[in-house]
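Here is a structure to look at, followed by some questions on how its features get their names.

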Amino acid sequence: MGARKPLIAGNWKMFGRNADLAEIGALAETTGPAAAKIEVLICPPAVLIAPAAWQARGKSILIGGQDCSPSAADAARTGEISAAMLADAGARYVIVGHSERRQNHKETDDLVRQKAEAAIAAGLTPIVCVGETQAERAAGQVAEVVGRQVKASAPGQGGAFVVAYEPVWAIGGNSTPTLAEIGEVHALIRETLAGQFGAQANETRILYGGSVGPKNAGEIFTVPGVDGALVGRASLKASDFSAIILGHPAAV
Ligand code: PGA
């Protein structure tokens, strides 16, 4: 894994209320000792970012957004939230191109790249999501699809960003690729990044996401090239999420 610090990120999606912010305090208590070795991030819904950042102040938990506008400048864009606004509210990271946005909001690779670039311009680290559908995997198109998404969605200027490999069919269900398959795709992503960004690509962390939970996280973290995880459902409760974090080999 080299010098890349593992990142374990929780994506709360459209779940959570102010009362759930107590989970952040509970999470910091159990995972605090591992914070020197592992970055822990919670991405709550946009309206909870500011109070979540307040809750996390002085603690080992970082806060991020789940999406941002592609516009780096303030603009007449009703309903959108800029990366600069997320940063102002206390976010350090932002997820872009999650498959639920690619599917439900028809987000293209090009739009995702613009969002990643706007995030970097605002001082945030984007987490760029990629991943094949079940049909694409069945058709033997994993390398083609994921390679294309990485090339076209990664921020053009390079720099600090994270890639999350999330097979669409593994999200929100119970099945994941085999450890060997996860390793293969991570190697392919690293190779693609090296082709784009040269030696700088070694610094990019590549996370696995899709049905990661306390039971399977430990073995997924042992796969070479896996620099952490993007976790949905199992990040909502501090008890589950801390079990995932403490199951990382770097936590001991
Ligand atoms: P899941 O979601 O862990 O609930 O499968 C992962 C994600 O969509 O980021």
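**The ligand and an aromatic pair**

The shell around the ligand, in this predicted model, divides into four nonpolar, six polar and three charged residues.

Q: What makes a residue one of those that surround the ligand?
A: One of its heavy atoms must lie within 4 Å of the ligand. 13 residues surround the ligand, and the closest are Lys13, His98, Glu166, Gly172 and Arg233.

Q: Why is the approach of Lys13 to the ligand called a polar contact?
A: A polar side-chain atom of Lys13 lies 2.7 Å from an oxygen atom of the ligand. The cut-off for such N or O pairs is 3.5 Å, so this pair counts as a polar contact.

Q: Which part of Gly172 and which part of Arg233 come 2.7 Å from an oxygen atom of the ligand?
A: For Gly172 it is a polar backbone atom; for Arg233 it is an N or O atom in the side chain. The protein covers 99% of the 290 Å² of accessible area that the ligand has on its own.

Q: Where does the ligand sit?
A: The ligand sits in the second largest pocket.

Q: How many aromatic pairs does the structure hold?
A: It holds two.

Q: Why is the pair of Phe161 and Phe197 called edge-to-face?
A: The planes are at 65°, and the centres are 5.6 Å apart. Centres within 6.5 Å make a pair and planes over 60 degrees apart make it edge-to-face, so the name applies. Phe161 is in the loop between helix 7 and strand 6, and Phe197, 36 residues apart from it, is in helix 8.

Conventions. Residues are numbered from 1 along each chain as its sequence is written. This is a predicted model: local features need pLDDT of at least 70, side-chain atom pairs count only at pLDDT 80 or more; totals for chains, interfaces and linings use all residues. Side-chain values use heavy atoms; hydrogens and water are left out. A polar contact is a pair of N or O atoms within 3.5 Å; within protein, one must be able to donate a hydrogen and the other to accept it, and residues adjacent in sequence count only if both atoms are side-chain atoms. Accessible areas come from the Shrake-Rupley method with a 1.4 Å probe; for residues, only the protein chains shown count as cover. On a 1 Å grid over the protein atoms alone, a cavity is a set of points where a 1.4 Å probe fits but cannot get out, and a pocket is an open set with protein on both sides within 12 Å along at least five of seven lines; lining residues have an atom within 4 Å of a point. A molecule sits in a cavity or pocket if more than half of its atoms lie within 2 Å of its grid points. Ala, Val, Leu, Ile, Met, Phe, Trp, Tyr, Cys and Pro count as nonpolar, Asp, Glu, Lys and Arg as charged, and the others, Gly among them, as polar. Rings of Phe, Tyr and Trp (its six-membered ring) pair if their centres lie within 6.5 Å; planes under 30 degrees apart count as stacked, over 60 as edge-to-face and the rest as tilted. Helices (H or I, at least four residues) and strands (E, at least two) are DSSP runs, numbered from the N terminus.
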